[in-house]
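Please open the model in your viewer and keep the sequence panel beside it. The stops below say what to select next and what is to be found there.

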Amino acid sequence: VEGYLGSAVQIRFLHEIFLQNEALLENKGRENTSEYGNGKVRKILLIHAVNPFGMRHHRRTNENNVDLNRNVLAPDKIKSVIERDPN
């Protein structure tokens, strides 16, 4: 089950980012921890569980027996699905 390892990796990643920001504040005296020397703002989105049902039941598949990590539609297939059912 990938969920628990993924959680540990995300916690470690956030810890490292926090340490980098802390060092940046000490070295440059900036108040905004997300702004760096080039004036750009970094934004990071971490998604812990794409399949919470599978994580709860220790399975890769969701309640419809679909593996969300493997069953991805190609762009041309997505168009045909949207044409059939826009919802």
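Begin by selecting N51, which counts as buried because its relative accessibility is 13%, where buried means under 20% relative accessible area, exposed means over 50% and partly exposed is in between, all with a 1.4 Å probe and protein chains only. N51 lies in the loop between α1 and α2; helices here are DSSP runs of H or I of at least four residues, strands are runs of E of at least two, and both are numbered from the N terminus. This is a predicted model, in which local features need pLDDT of at least 70 and side-chain atom pairs count only at pLDDT 80 or more, while totals for chains, interfaces and linings use all residues. Residues are numbered from 1 along each chain as its sequence is written, and side-chain values use heavy atoms, with hydrogens and water left out.

With N51 still selected, show its surroundings: leaving out residues up to four places away in sequence, N51 touches R59, R60, T61, N62 and L68, a contact being heavy atoms within 4.5 Å. The side chain of N51 also reaches the backbone oxygen of T61 at 3.3 Å. That pair is a polar contact, meaning N or O atoms within 3.5 Å, of which, within protein, one must be able to donate a hydrogen and the other to accept it, with residues adjacent in sequence counting only if both atoms are side-chain atoms.

Next select D67, in the loop between α2 (52–56) and α3 (75–84). Is D67 buried or exposed? D67 counts as buried because its relative accessibility is 11%. Apart from neighbours within four places in sequence, D67 is in contact with R60 and T61, two residues that are also among those touched by N51. Add R60 to the selection, and the side chains of D67 and R60 are seen to meet in a salt bridge, at 3.0 Å from N to O; the term requires a side-chain nitrogen of Lys or Arg within 4 Å of a carboxyl oxygen of Asp or Glu. Side chains of opposite charge can pair when their charged atoms come close. R60, at 37% relative accessibility, counts as partly exposed.

By this rule the count comes to 2 salt bridges, and for the other you should move to helix α1 and select E16 and R12. The closest N and O atoms of E16 and R12 are 2.8 Å apart, and the two residues lie 4 apart in the helix, about one turn. E16 is partly exposed, with a relative accessible area of 31%, whereas R12 counts as exposed at 52%.

Stay on the surface and select F13, L14, I44 and L46, which make a nonpolar patch of about 340 Å². Patches are made of residues with over 30% relative accessible area and no salt bridge, like charges being joined within 9 Å and nonpolar side chains (Val, Leu, Ile, Met, Phe, Trp, Tyr) within 5 Å; accessible areas come from the Shrake-Rupley method with a 1.4 Å probe, and for residues only the protein chains shown count as cover. Of these four, L14 is found in helix α1 and is partly exposed, with a relative accessible area of 48%.

Now select H48 together with Q10: the two are 38 residues apart along the chain, yet their C-alpha atoms are separated by 7.7 Å. H48 has its place in the loop between α1 (2–28) and α2, and counts as partly exposed at 39% relative accessibility.

For the backbone, go back to the loop between α2 and α3 and select H58 and N65. Most residues other than glycine have a negative phi. H58, however, has a positive phi of about 55 degrees, and phi of N65 is near 60 degrees. H58 is exposed, with a relative accessible area of 51%, and N65 is exposed at 61%.

Finally, select the whole protein chain, which has 3 helices and 0 strands. Of its 87 residues, 14% count as buried, and the chain exposes about 7700 Å², of which carbon and sulfur atoms supply 54%. Colour the chain by pLDDT, the predictor's confidence in each residue from 0 to 100: the average is 78, and 79% of the residues score at least 70. Confidence is lowest in α1, at a mean of 80, and highest in α2, at 87.
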